[in-house]
Amino acid sequence: RVPVVRSVYGGLKQITETVFGQKERSFDRTCLVEFPRAGSWAVGLVASKAKGEIAAKLPHPEEMIAVFVGLTPLTSGMLLYVPAKDVIFLDMRPDEAAKLIVSGGLVYPQSRDGD
């Protein structure tokens, strides 16, 4: 019944239902993108290719993809549209990437090659 809690809960509930209620998988790939500036890299979750009005109005002729870059401790983040050619795809699972982001880089996923 507290107005602030109710609005936050409602927003989180809507996001959760949207992400987990989709028939197609959400965030099925992870990547590195240069963010917030050239030479700095952030772990991102690949959402989809740019579609509809956004794809039509982006000033880039090449394929653009939506990448969600979460901010520690993953209470917020940014959705970036990035040229696909500028993205480095990772073998890291999305849940592993989320743990890495939430922990501020302290919980690292085990390497698949034995490192």
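This passage describes the fold, cores, selected residues and salt bridges of a predicted model.

The protein contains three helices and five strands, and these follow one another along the sequence in the pattern α-β-β-α-β-β-β-α. Of its 115 residues, 25% are buried. The accessible surface comes to about 8,400 Å², with carbon and sulfur atoms supplying 58% of that area. Contacts across the sequence were also tallied: among those joining residues at least 6 apart, 38% link residues at least 24 apart.

Confidence is a helpful place to begin when reading the model. The mean pLDDT of the protein is 81, and 70% of the residues reach a value of 70 or more. Among the elements, strand β5 (residues 88-90) has the highest mean pLDDT, at 96, while α1 has the lowest, at 57. Where pLDDT is low, the predicted coordinates should not be read in detail.

Turning to the interior, the largest nonpolar core is made up of 12 residues. Its members are C31, V33, F35, A42, V46, I65, V67, V69, L80, V82, A84 and V87. Four strands, namely β1, β2 (41-49), β3 (64-71) and β4 (76-83), each contribute at least two residues to this core. The largest share, three residues, is supplied by β3. One of the core residues, F35, can be followed through its contacts: beyond its neighbours up to four places away in sequence, F35 touches S40, W41, A42, V69, M78 and L80. Another core, of six residues, lies apart from the 12-residue one. Among the residues of this other core are V43, L45, M92 and L100.

Residue T30 offers a good view of the packing around strand β1, which spans residues 29-34 and includes T30. T30 has a relative accessible area of 0% and is therefore buried. Leaving aside residues up to four places away in sequence, the contacts of T30 are G44, L45, V46, I88, F89, L90, M92, R93, P94 and A97. The side chain of T30 also reaches the backbone oxygen of M92, at a distance of 2.6 Å.

D28 sits in the loop between α1 (3-21) and β1. The relative accessibility of D28 is 40%, so this residue counts as partly exposed. With residues up to four places away in sequence set aside, D28 touches V46 and P94. V46 and P94 also appear among the contacts of T30. The C-alpha atoms of D28 and L45 are 7.6 Å apart in space, although the two residues are separated by 17 positions in sequence.

Charged pairs complete the picture. Side chains of opposite charge can pair when their charged atoms come close. The protein has five salt bridges. In one of them, K49 pairs with E63, and the closest N and O atoms are 3.5 Å apart. This pair links distant parts of the chain, with K49 in strand β2 and E63 in the loop between α2 (52-57) and β3, 14 residues apart. Here K49 is exposed because its relative accessible area is 52%, over the 50% cut-off. E63, by contrast, is partly exposed, with a relative accessible area of 40%.

A further salt bridge joins the side chains of D86 and K85, with an N to O distance of 3.2 Å. D86 is partly exposed at 36% relative accessibility, whereas K85 is exposed, with a relative accessible area of 62%.

D95 and R93 form a salt bridge as well, and their closest N and O atoms are 3.0 Å apart. Both partners are partly exposed, D95 with a relative accessible area of 36% and R93 with a relative accessibility of 41%. R93 and D95 belong, together with E96, to a network of salt bridges. R93 is also one of the residues touched by T30, the buried residue of strand β1 described above.

Definitions and conventions: Residues numbered from 1 in each chain as written. Predicted model: local features only at pLDDT ≥ 70, side-chain atom pairs only at ≥ 80, totals over all residues. Heavy atoms only, no water. Buried < 20%, exposed > 50% of the residue type's maximum accessible area, 1.4 Å probe, protein only. Polar contact = N/O pair within 3.5 Å; in protein donor to acceptor, adjacent residues only side chain to side chain. Contact = heavy atoms within 4.5 Å. Core = buried A, V, L, I, M, F, W, Y, C linked by side-chain atoms within 4.5 Å. Areas by Shrake-Rupley, 256 points an atom, 1.4 Å probe, with all protein chains shown as cover. Salt bridge = Lys/Arg side-chain N within 4 Å of Asp/Glu carboxyl O. pLDDT = per-residue confidence, 0-100.
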